Amino acid sequence: MLAFRVAPPGYVLDWHCAPRRQYSITLSGQAEIEVGDGTVVRVGPGDVLLAEDLTGRGHVTRGVGTTPRFYAIVPLA
């Protein structure tokens with residue numbers, strides 16, 4: 001099942017694991033994703049991430065910029 005979500009500018013989702021293997025596709029807006037080793041990746045429109053950190057520390061998601069981030073979540077079997 002495909003889900004669409006929106007996150008306001010400046011939101012922060014502190015350390016968390018993905019609930020399942022899934023793709024996250026940014027449709028508009030931007031975010032930064034930080035992983036346990038300190039790597040930070042900025043995503044924007046058209047970027048596709050595979051979230052598969054189901055255990056451990058997980059990642060942090062931060063909204064950046066002045067517009068909301070619209071994104072789609074595609075769960076994988």
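The following conversation goes through a predicted model and asks what supports the terms used for its parts.

Visitor: What makes Arg21 and Glu52 a salt bridge?

Guide: The side chains of Arg21 and Glu52 come to 3.1 Å, N to O, and the rule asks for a side-chain nitrogen of Lys or Arg within 4 Å of a carboxyl oxygen of Asp or Glu, so the pair counts as a salt bridge. The two residues belong to distant parts of the chain, with Arg21 in the loop between β2 (12-16) and β3 (22-28) and Glu52 in the loop between β6 (48-51) and β7 (59-64), 31 residues apart.

Visitor: Why are Arg21 and Glu52 called partly exposed?

Guide: Arg21 has a relative accessible area of 32% and Glu52 one of 44%; since buried means under 20% and exposed means over 50%, both values fall in between, and therefore each residue is partly exposed.

Visitor: How many salt bridges does this rule give?

Guide: The count comes to three salt bridges. Another of them joins the side chains of Glu32 and Arg42 at 2.9 Å, N to O, and this pair links strand β4 (residues 30-35), where Glu32 lies, to strand β5 (residues 40-43), where Arg42 lies, the two being ten residues apart. Arg42, with a relative accessible area of 48%, is partly exposed because the value does not pass the 50% limit for exposed.

Visitor: What makes Glu34 and Arg62 a salt bridge?

Guide: The closest N and O atoms of Glu34 and Arg62 are 2.7 Å apart, which is within the 4 Å of the rule, and so the pair qualifies. Glu34 sits in strand β4 and Arg62 in strand β7, 28 residues apart along the chain.

Visitor: Which of the words buried and partly exposed applies to Glu34, and which to Arg62?

Guide: Glu34 has a relative accessibility of 18%, which is under 20%, so Glu34 counts as buried. Arg62 has a relative accessibility of 28%, which lies between the two limits, and Arg62 is therefore partly exposed.

Visitor: How do you know that β4 and β7 pair?

Guide: Pairing requires at least two bridges between the strands, and six bridges join β4 to β7, which run antiparallel, so the condition is met. One of the positions involved is Gln30, which lies in strand β4 and has Val64 as its bridge partner in β7. Strand β7 also pairs with β2 in the antiparallel sense, over three bridges, and there Val12 stands opposite Arg62.

Visitor: What is said of the cover of β7?

Guide: Strand β7 is mostly covered, because five of its six residues are buried, that is, under 20% relative accessible area.

Visitor: What else is known of the surroundings of Gln30?

Guide: Beyond residues up to four places away in sequence, Gln30 touches Arg42, Val43, Gly44, Arg62, Gly63, Val64 and Arg69. The C-alpha atoms of Gln30 and Arg42 are separated by 7.0 Å, although the residues are twelve places apart along the chain. At 32% relative accessibility, Gln30 is neither under 20% nor over 50%, and so counts as partly exposed.

Visitor: Which residues make up the largest nonpolar core?

Guide: The largest nonpolar core has six residues, namely Ala7, Tyr11, Ala31, Val43, Tyr71 and Ile73. In soluble globular proteins, nonpolar side chains tend to be buried together. Ala31 touches, among others, Tyr11, Val43, Thr61 and Arg69.

Visitor: What makes Leu2, Phe4, Val6, Leu27 and Phe70 a patch?

Guide: Patch members need over 30% relative accessible area, and nonpolar side chains are joined within 5 Å; these five form a nonpolar patch on the surface, with about 510 Å² of accessible area together. Leu2, at 46% relative accessibility, passes the 30% limit, yet counts as partly exposed because the value is not over 50%.

Visitor: Where is Leu2 found, and which residues does Val74 touch?

Guide: Leu2 is found in the segment before β1 (3-7), and Val74 lies in strand β8 (residues 69-75). Val74 touches Leu2, Gln22, Tyr23 and Ile25, not counting residues up to four places away in sequence, and the C-alpha atoms of Val74 and Leu2 are separated by 5.1 Å, with their positions 72 residues apart along the chain counted as separation.

Visitor: How do you know that β8 pairs with β1 and with β3?

Guide: Five bridges join β1 to β8 and six join β3 to β8; both counts satisfy the requirement of at least two bridges, so both are pairings, and both run antiparallel. Val6 stands opposite Phe70 in β8, and Ile25 stands opposite Ala72.

How values were computed. Residues are numbered from 1 along each chain as its sequence is written. This is a predicted model: local features need pLDDT of at least 70, side-chain atom pairs count only at pLDDT 80 or more; totals for chains, interfaces and linings use all residues. Side-chain values use heavy atoms; hydrogens and water are left out. Patches are made of residues with over 30% relative accessible area and no salt bridge: like charges are joined within 9 Å, nonpolar side chains (Val, Leu, Ile, Met, Phe, Trp, Tyr) within 5 Å. Accessible areas come from the Shrake-Rupley method with a 1.4 Å probe; for residues, only the protein chains shown count as cover. Helices (H or I, at least four residues) and strands (E, at least two) are DSSP runs, numbered from the N terminus. Buried means under 20% relative accessible area, exposed over 50%, partly exposed in between (1.4 Å probe, protein chains only). A nonpolar core is a set of buried Ala, Val, Leu, Ile, Met, Phe, Trp, Tyr and Cys residues joined through side-chain atoms within 4.5 Å. Contact means heavy atoms within 4.5 Å.
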